[in-house]
Structures are given as C-alpha cells and as structure tokens.
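Reader: I would like a close look at one part of this model, the barrel, and then a walk outward from there to the rest of the chain. Please keep to what can be read from the coordinates.

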Amino acid sequence: MKRTHYCGEMSQKLIGQTVTLTGWAHRRRDHGGVIFIDLRDREGLAQIVIDPDTVEAFAAAETVRNEFVLQVTCKVRARPEGTVNKNIPTGEVEMLASEIEILNASLTPPFMLDDDNLSEMVRLQHRYIDLRRPVMQENMKLRYRVSKVIRDYLDDKGFIEIETPMLNRSTPEGARDYLVPSRVHHGEFFALPQSPQLFKQLLMVSGFDRYFQITKCFRDEDLRADRQPEFTQIDLETSFLEEDDIMDIVENMIRDMLKKVQDVDLPAEFPRMPYAEAMTRYGSDKPDMRVTLEITELSDVMKDVDFKVFSAPANSDNGRVAAIRVPQGASISRKEIDAYTEFVKIYGAKGLAYIKVKDASQPNEEGLQSPIVKNIHETALKAIIERTGAQDGDIVFFGADTAKIVNEALGALRTKVGHDKGHVDGRAWAPLWVVDFPMFEHNEEDDRWNALHHPFTSPKDGHEDLLDTNPGACLSKAYDMVLNGWEVGGGSVRIHKQDIQAKVLKVLNISDEEAQEKFG
C-alpha cells in the first residue's frame with residue numbers, strides 16, 4: 001500500500017498525473033452507469049469517478065457504502081464545465097479511478113457525519129465516528145496549532161519546557177484532589193496535581209529561571225462550563241521579574257497565538273482594571289467588556305427607605321443594594337422579567353425588583369411603574385434616576401442582599417440581558433487584565449481567612465504590615481486575564497521572604513508544624 005497524496009491536496013496542478021489515495025467513503029452516488037464516491041481523509045474530500053469500462057473497479061464501487069475504507073488509484077482530470085464545486089478546495093478536479101481496493105468494510109454508521117443535531121450521549125457512545133466529523137478534526141488541529149505556536153513563542157523568550165511528576169502528595173489548592181491508592185504502601189494515597197505549584201517553585205529555587213509546560217491538571221469539583229475535572233493548562237514560572245514583566249510576556253503570547261492561528265488582531269495593549277472596580281461596576285472578577293451595561297451603587301441612599309428588602313442590606317456591614325439600567329428595557333414583558341427572576345435565583349438572590357421608567361422627570365408613582373415605588377421616598381427615587389442615568393422607556397433592575405449575592409446575581413444578569421437585548425459594543429474580542437486582588441477572603445461559616453489564590457501569593461508592596469493589622473484590606477500581586485467574560489489565565493508573584501510567608505500562614509491559621517508537613 002502506498003499513498004501518494006492526501007485527498008485535500010488534489011488540484012489543477014496535478015491534472016494528468018496518476019495518484020493513489022486512501023480514506024473513508026464519505027458519500028456514494030450512482031448516476032445510472034457512472035458511480036461517484038467522495039473520498040475523505042484528514043485533509044479534505046476528493047471526488048472519485050468510476051466508469052463501467054474499468055470492470056473490476058466498477059464492481060468494487062458498487063459494493064461500497066458510507067465509511068468503507070478504500071485505497072484508490074486514479075488519474076486527476078479537470079471537472080467538466082458546469083460541474084465545478086467552488087465550495088470545496090478540490091472542487092475544480094475529479095479523479096478517474098482505475099483500481100479500487102476495499103481495505104475495510106463498515107456497518108451502517110449510527111449517524112451521518114454532516115448531522116449537526118446529535119446528542120452528546122450519541123456522540124460519546126460512538127466517539128471514533130464523532131471524531132471523523134470535520135468540525136472535530138478542525139478542533140483537534142486547532143488545538144495542535146495553538147500548542148505549537150505557544151511552544152515556539154516561549155522558546156524564543158528563553159523558557160525551558162520541563163515535565164513535572166503526576167503522582168505526588170496532596171497540597172492545599174482550590175479544590176479537592178483526585179487520589180490514587182498506593183500498591184506498595186497500604187492505606188497511603190498519591191494525589192494527581194491540581195497544578196505543578198510546588199514543583200515549579202522548586203525549579204526556580206534550582207536556578208532554571210524560566211520554565212513552562214503544557215500539562216494536565218486534575219480537580220475534583222462539580223462540572224462547570226469553563227472547567228472540567230481534567231484539563232490542560234499552559235503552566236509557566238519565572239524568576240527575578242515583576243508583575244508587569246510577566247503580564248507583558250503572557251499578553252504578547254496570547255496576541256501572537258491568536259494572530260498566527262486564527263488571524264485575530266487583539267489590541268496593542270490590554271486594559272487593566274483593579275478587582276474592586278470590576279466587582280463594583282460589573283459584579284464579576286471576569287466581566288464581559290463587550291456588554292455595555294454597568295452596575296450602579298445605591299446602598300447609601302437606601303438606608304432609610306420603608307422598603308425593608310432594600311434598607312436591611314443597606315444598613316448591613318456586608319450588604320449591598322445596587323441596580324442595572326437597561327436602555328429601552330421598559331418593553332421587556334412580564335414573562336421575560338419572571339424568567340430573569342428565576343435566573344438570578346440560581347445565584348442566591350431571593351427575587352428581582354425592578355422599576356420601569358415612564359417619565360424620568362417625575363420620580364414618583366406617576367413617572368415610575370413598579371410595586372416597590374410606593375415604599376421608596378422621592379429622594380431615593382431621584383437618586384436612582386440620576387445615578388443610573390435612566391431615561392424614559394428604560395427599566396432598572398435591583399439587587400439587595402449580601403454583597404456576594406448581589407455581585408454574583410447582578411453580574412450574571414448584566415451579561416445575560418446585555419446579550420439577550422443587544423447591549424454590546426460590537427467587538428468580537430474584549431481582553432482585560434484584572435489586578436490587585438485581595439490576599440484573603442473571609443469564611444463566614446468558619447470565621448477564618450482563606451487565601452483567595454494560594455498561600456504563596458505575595459502581598460503588594462507596602463501592604464505587608466496589613467497582614468498583622470487588617471488582613472481583609474491586604475492586596476496581592478495577583479492577576480487574571482479575561483477574554484469575553486471568561487477567565488483564560490491567571491497567576492501571581494510568589495513570596496520569596498520567609499518572614500512574609502510566615503505572616504501569611506499565620507493569617508490562614510496554619511501552624512509551623514502543619515506548614516512543615518504540607519510544604520517542607
């Protein structure tokens with residue numbers, strides 16, 4: 001068996017040449033004496049023509065069905081006038097078969113490869129067929145091209161690719177570990193890595209300076225749209241660089257990759273936004289910046305209103321009252337509002353209050369339509385109109401609860417309504433750096449501090465003393481890259497001073513003995 005060309009390579013340059021192709025019968029058509037077979041391999045389709053004059057080849061072609069594996073010897077010729085198919089790269093030529101060998105027959109496939117209405121279960125049950133579909137083949141090729149471009153870029157920047165162990169002891173990370181029982185040490189377990197955290201720090205201490213690997217990571221957590229239990233990440237670590245240096249390397253890597261792989265031009269410089277601003281204005285640390293809606297703070301003007309749903313969280317230390325104005329949203333139907341109400345309940349909200357603006361110049365029951373208006377004094381209503389910039393025909397949605405619930409509910413609602421109602425700026429890609437994350441978040445249930453990223457994240461310069469006096473106000477040298485509302489990457493500068501690391505572990509209530517046991 002000797003294949004001379006891929007199917008997708010057939011072109012006018014090869015007219016008159018005899019070639020040998022191998023692949024799968026994508027489609028077979030019998031046109032009353034002449035048989036056509038679209039032969040498919042990973043590079044594309046080639047139309048094979050079988051005349052009755054080639055008796056053996058014709059007899060073989062008559063038995064061919066979809067997904068038979070074939071080897072075809074044929075001569076390349078131009079397609080007759082009027083039969084050119086401009087929808088495929090090989091559409092100007094066809095291949096006249098002289099020999100056909102059936103390498104393997106196939107049962108009738110459970111679905112056609114061009115069927116776009118397949119359930120995930122059917123696809124997974126017949127994965128080997130699913131992976132033959134052009135869209136899946138392109139996905140795999142795209143993944144390969146991304147990896148290659150990333151490797152080339154990092155190599156050019158002086159990074160060394162080093163594989164780190166998969167079987168390790170458990171270390172504190174953001175999720176539960178997948179455990180592997182040891183055959184040799186009964187009752188003991190290995191942990192699959194959530195990230196190569198300790199190993200790459202070891203490499204930096206060893207003087208490798210710049211390391212990377214494209215590696216598997218494992219996290220035993222509930223399924224999410226942007227995270228699977230097993231996933232691949234580009235992992236890298238550097239020495240003797242500041243936040244801006246690392247962010248520039250990664251930003252240029254993503255810009256270079258998207259340009260080379262998909263011919264996408266990202267901005268020359270990604271905007272940077274502090275975490276506190278992202279949460280206040282967008283309710284999320286990974287906001288979709290294509291959406292033009294913003295969240296408006298109202299807690300201070302709701303402290304003395306009669307509407308307890310607003311006044312109670314407004315007077316609470318960890319409460320928040322905020323709003324989203326949707327231009328021309330007064331046309332949103334009651335049915336849609338009910339659907340949005342159910343949507344925010346997913347994020348812990350108890351409901352979704354709203355005001356429809358009929359006449360913005362009248363901040364009362366005459367100009368504003370909502371059951372809650374009668375329980376909010378005119379000063380507060382006027383502040384709502386002024387702060388949100390509401391105009392006639394708008395709707396204002398409200399969130400009132402703990403700051404965490406309000407941020408998550410209104411942040412998600414902002415994105416959903418923005419895309420549902422077309423409140424987007426038209427950009428295909430909207431990258432963003434979110435910076436200045438808090439070092440810690442408070443666990444109300446256990447009344448203790450948890451590391452927002454991990455225990456090795458360095459505090460910002462000048463914030464070291466806050467580790468002793470006010471851990472909640474301490475910011476970190478951590479940063480996340482966000483693209484169209486998805487966190488696509490993140491990292492931080494590590495602590496390199498023992499006294500600072502000791503302070504962080506003390507805030508986290510990790511004793512010296514526990515630290516020695518877990519980290520060495």
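Author: In this predicted model, five strands close into a barrel, in the order β1-β2-β3-β5-β4, and their pairing is mixed. From one strand to the next the twist averages 55°.

The mixed pairing can be followed strand by strand. Strand β1 covers residues 18-30 and runs antiparallel to β4, with seven bridges joining the two. Within that pair, L21 has V72 of β4 as its bridge partner. Strand β4 (residues 69-78) also runs antiparallel to β5, and here 10 bridges make the connection. V76 stands opposite M95 of β5. The parallel sense appears where β3 (residues 44-50) pairs with β5 (residues 93-104), over two bridges. There V49 faces L96 in β5. Strand β5 therefore has β4 as an antiparallel partner and β3 as a parallel one, and the barrel order places β5 between these two strands.

A helix accompanies the barrel. Helix α1, residues 55-63, lies across β1, β2 (35-41), β3 and β5, and runs at about 70° to β5.

L21 also serves as a reference point for distance. D156 is 135 residues from L21 in sequence, and their C-alpha atoms are 38 Å apart in space. D156 belongs to helix α4, which spans residues 134-156. With a relative accessible area of 62%, D156 is exposed, since the cut-off for that class is over 50%.

Next, the enclosed spaces. A search of the whole structure finds two cavities of 30 Å³ or more. The largest cavity holds about 100 Å³ of space. It is lined by 15 residues, and those closest to its centre are N168, R169, T171, P193 and S195. Helix α5 (residues 197-205) gives the largest share of this lining, three residues. Sorted by class, the lining has six nonpolar, six polar and three charged residues.

The second largest cavity holds about 60 Å³. Its lining consists of H26, R27, N66, E67, P109, F111, M112, L113 and D114. Here the classes are four nonpolar, two polar and three charged residues. H26 and R27 of this lining fall within the residue range of β1, which ties the second largest cavity back to the barrel.

Further along the chain is S239, in the loop between β10 (230-238) and α6 (243-262). Its relative accessibility is 12%, so S239 counts as buried, the cut-off being under 20%. Leaving aside neighbours within four places in sequence, S239 is in contact with M204 and D209. M204 lies within the residue range of α5, the helix that contributes to the lining of the largest cavity.

The model also has an open sheet. Five strands form it in the order β12-β13-β16-β14-β15, with antiparallel pairing. β12 (295-297) and β15 (368-369) stand at the edges; each has a single partner strand, so one side of each is left without a neighbour in the sheet. The partner of β15 is β14 (residues 353-357), and the two pair in the antiparallel sense over two bridges. In that pair V357 stands opposite L368 of β15. Helix α11, residues 403-420, packs on the sheet and touches β12, β13 (319-326) and β16 (395-402). The direction of α11 makes about 155° with that of β16.

Helix α10 belongs in the same picture. It spans residues 378-388, and A380, L381, A383, I384, I385 and T388 in it are buried. The cover over these buried residues includes β12, β13, β14, β15 and β16, the five strands of the open sheet. An α-helix has 3.6 residues a turn, so residues three or four places apart point the same way. After α10 comes G389, which has a positive phi, near 75°.

The last stop is S458, in the loop between β19 (448-451) and α12 (466-469). At 12% relative accessibility, S458 counts as buried. Not counting residues up to four places away in sequence, S458 touches M439, S476, K477, V493, R494 and I495.

Key: Residues numbered from 1 in each chain as written. Predicted model: local features only at pLDDT ≥ 70, side-chain atom pairs only at ≥ 80, totals over all residues. Heavy atoms only, no water. 1 Å grid on protein atoms, 1.4 Å probe; cavity = no way out; pocket = protein on both sides within 12 Å on 5 of 7 lines; lining within 4 Å. Points joined across faces, edges and corners; volume = space filled by probe spheres on them. Helix = DSSP H or I, 4+ residues; strand = E, 2+ residues; numbered from the N terminus. Nonpolar A, V, L, I, M, F, W, Y, C, P; charged D, E, K, R; others polar. Pairing = 2+ DSSP bridges. Axes fitted to C-alpha atoms, helices over the stretch in contact; angles between N-to-C directions. Contact = heavy atoms within 4.5 Å. Buried < 20%, exposed > 50% of the residue type's maximum accessible area, 1.4 Å probe, protein only.
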